[in-house]
Amino acid sequence: MTEAQVLKPQKTWSHLAARRRKPSEYEIVSANLHYNDRDPNAPYELSPGLFMNEWYKKHTFGTALKHADWNAFRDPEEVVYRTYNLMQDGQETYVTGLFDQFNQREHDKAIDPRWAGTLARLYTPARYLFHTLQMASAYVGQVSPASTITNCNYFQMADSLRWLSHTAYRTRELSNTFNETGFGLDERRYWEEDAAWQGFRELMERALTVWDWGEAIVVLNLIAKPAIEETVLRRLGESARHNGDMLLALLTDAQLIDSARHRRWIAAFVRMALETPGNLELIQGWIAKWEPLADKAIDAYCGALPDVSEAAASARAATRDFRRSLGL
Amino acid sequence: MAVLNRMDWYDLARTTNWTPKYVTEDELFPPMLSGEFGLPLSAWEKYDEPYKQTYPEYVKVQREKDAGAYSVKAALERSRIFENADPGWKSVMKAHYGAIARGEYAAASAEARMMRFSKAPGMRNMATLGCMDEIRHGQMQLYFPHEHVSKDRQMDWAFKAYDTNEWAMIAARHFFDDIMMTRDAISVSIMLTFSFETGFTNMQFLGLAADAAEAGDHTFANLISSIQTDESRHAQIGGPALKVLIENGHKAEAQKRVDIAVWGAWKLFSVLTGPIMDYYTPLAHRKQSFKEFMEEWIVAQFERALTDMGLDLPWYWDIFLKDISQTHHGMHLGSYFWRPTLWWNPAAGVTPDERTWLEEKYPGWNDTWGQCWDVFIDNVVDGNMAMTYPETLPYVCNMCQLPILGTPGKGWNVKDYPLEYNGRLYHFGSEVDRWVFEQDPERYAGHLSIVDRFLAGMIQPMNLEGALAYMNLAPGEMGDDAHNYAWAEVYRALRETRKAG
């Protein structure tokens, strides 16, 4: 061996050492973790033509949404596993406290049977919808080209399970009080057949089959989630308030805290994506393609919320305001 | 009662299958991603995970676990454990973090594959938690070694290893990519969670935690045992899937996946764990030999797991049982001889006392492995250090990507198992490695081993120096003897005594 320079230890990982700033815990444990970008011909250490290698070459690295260095993406809140659990354990303590206290006050017994009927039709079937968000976030995460983007999607997936869990919990509780209303039994039928849900069902079934990573992250986070959050969380929460169901109103408010966090990371993502010429038009094209389906879903669902004035119009406007705030 | 019990609502949280209408079931769950078993959604709804946990329980329990592990780390941060640890133990840490940390993070995506594409609703939720677990394991096992990067350049490999062409990392990626990154959801559940995690890592982590405690590294011991407690939650994912497959007449396909994954896991263990237990760990701290460990924790445990499940022992079980007293000795000799190609410093582990122990645990060791080490030791004592380093690459197996080895010396049985496929000659280190290839040649046929790359001129210059550069290893990173050949002093003294006598 020739006398080469002997590498000296550095203060941090070699891939972070060039910068002047001391890396945060977030960067130490989150940045540049995917290794499937090392060989463009074979993301995984097997035959280059293997089905899954072709899948990643086409859908992850072959997307039209381009950036010279997606690994430079940073979650604005720098969430790591450790802080995620600190944060959500606190949030769950709050929600469990709500469940506990409202139950002690016999909240459900005070619910008008007509509102209980609305809950059976428009609230509890949302566990299917929340589960589709969980699935879609899991997909976008596994095909994202940078670990910092993947992580945001995986935490979002866990939050979707959280919303699903709240819904399952409340469904059982409601069934204890309203045992004739079909709580726990009829949700699948409502989800599959009720006109109010068909827009979201079509949107999510189609969104779940978008394999291209660039389009999938846009459809999920800029189209589907805002539409769902502005209706099944925000407008339904308003309706709940109008109908004396403070528990659901406070619960949807609590879930909207997660949603606000999701919007902050996707906003940072869009800001980064727009650094590359051509991405703006590309994203706008995807929005134009998917917005009508989301609008249809908003209309169908909000049409069943008569006591929220202008529900559909305000929900549609809110989704557009959000996108406009990102420069889209 | 004011708050419901978990089991009052648990089933509702996994009643999430519906009949798609705007896309077909095959579009929503493409068979190549979901599993080509031809079973409809309804068949998978019988899936029932034995270890149940809800979201609120998860964040609470995991928050507490992290609080424990991170506070132990913080409390011991200034204790200079790293500076004072036995060099053999430091090598264990370096090998472990490099080969494992980012593999654990990758496993989060394997879990996400099951979350999105499994038709079993219970599996989808458990895989959501499993995905979170693997993020934890990836992040912790980067955060903990990062504490030591400023002391030792080799610690940088806790992060860097997965980005390199270092041979052991090619082997690690080849195995993990095969069982978890490029398989459908159901196959991931069988090959990663059932075969690898239930069969191997669960037990390995227990052993490693015990070793760390013996070595006085309580931060690491605590980290590893904390991680291990998560394993049992997500390692269970494959079991109920196997049950569904067997009940629906797919036992043979299930069995084949188990057989492939277990063999690959064994080969990786033979190079990563075997040498650590029988050579790197100081003699005083060795509780049992690698062979005894395998027999007690892996063989017995796994045989039970398989038969409980209604599966058979893999067809190669006799070969495996024989190999557990041989293979890792060759892997150790090979990796030690090629020590500049490692990112840690291997411990030779062949002092007279250690050789007595090896002979006792592995009768015949001195007549076989010992013969190679005799020559090696003479060269070190004679100061012929150049003779103790390699000049070429060893032949490696086109399946496990590890050197093709056998028993040397008086027990010589080194054998290649070649196969010609589509005009190319492949080499395999065992009958089983070749069998794995034959089960699905197109998965593997287009891959080039590091020797194939060398022979194809992809490594320049075509010598060891070129190979080291190709493996991204520079001086300061390359491995050498963990104890700086201090062990050779015993032999030098023995020789002096002999001369004097």
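In this short talk I will go through chain A, then the interface it forms with chain B, and lastly the largest pocket.

Please keep in mind throughout that what we have on the screen is a predicted model, and that the values I will quote were computed from that model.

Let me begin with chain A taken by itself, which has twelve helices and zero strands, so that if you follow the elements from the N terminus on, you read α-α-α-α-α-α-α-α-α-α-α-α. If you then draw a box along the principal axes around the C-alpha atoms of chain A, that box comes out at roughly 85 × 40 × 40 Å.

Now let us bring in the partner chain. How many residues of chain A are in contact with chain B? There are 88 residues on the side of chain A, and they are in contact with 92 residues of chain B. Between them, chain A and chain B bury about 8300 Å², and 65% of this area lies on carbon and sulfur atoms.

Turning to the polar side of this interface, we find 52 residue pairs in polar contact across it, where both residues have a pLDDT of 80 or more. Which elements of chain A supply two or more residues to the side that touches chain B? They are α1, α2 (51-59), α3 (81-104), α5 (126-143), α6 (147-177), α7 (187-193) and α8 (195-207) of chain A. Within that side of chain A, the largest share comes from α6(A), which contributes 18 residues. Sorted by class, the side of chain A that touches chain B is made up of 39 nonpolar, 29 polar and 20 charged residues.

The count of salt bridges between the two chains is three, and one that you can look up for yourselves is formed by the side chains of A:E45 and B:R173, with a distance of 2.9 Å from N to O.

Finally, I would like to turn to the largest pocket, whose volume is about 700 Å³. Its lining consists of 26 residues, and those closest to the centre of the pocket are A:K11, A:K22, A:I28, B:H146 and B:E147. Among the helices, α1 (25-30) of chain A, together with α5 (55-76) and α8 (121-146) of chain B, each give at least two residues to this lining, and α5(B) gives the most, with three residues. And which classes of residue make up the lining of this pocket? It has eight nonpolar, five polar and 13 charged residues.

Key
Residues are numbered from 1 along each chain as its sequence is written. Chains are lettered from A and ligands numbered from 1 in the order in which they are written. This is a predicted model: local features need pLDDT of at least 70, side-chain atom pairs count only at pLDDT 80 or more; totals for chains, interfaces and linings use all residues. Side-chain values use heavy atoms; hydrogens and water are left out. On a 1 Å grid over the protein atoms alone, a cavity is a set of points where a 1.4 Å probe fits but cannot get out, and a pocket is an open set with protein on both sides within 12 Å along at least five of seven lines; lining residues have an atom within 4 Å of a point. Grid points are joined across faces, edges and corners, and a volume is the space filled by probe spheres set on the points. Helices (H or I, at least four residues) and strands (E, at least two) are DSSP runs, numbered from the N terminus. Ala, Val, Leu, Ile, Met, Phe, Trp, Tyr, Cys and Pro count as nonpolar, Asp, Glu, Lys and Arg as charged, and the others, Gly among them, as polar. Contact means heavy atoms within 4.5 Å. Buried area is the accessible area (1.4 Å probe) that two parts lose on being put together, summed over both. A salt bridge is a side-chain nitrogen of Lys or Arg within 4 Å of a carboxyl oxygen of Asp or Glu. A polar contact is a pair of N or O atoms within 3.5 Å; within protein, one must be able to donate a hydrogen and the other to accept it, and residues adjacent in sequence count only if both atoms are side-chain atoms.
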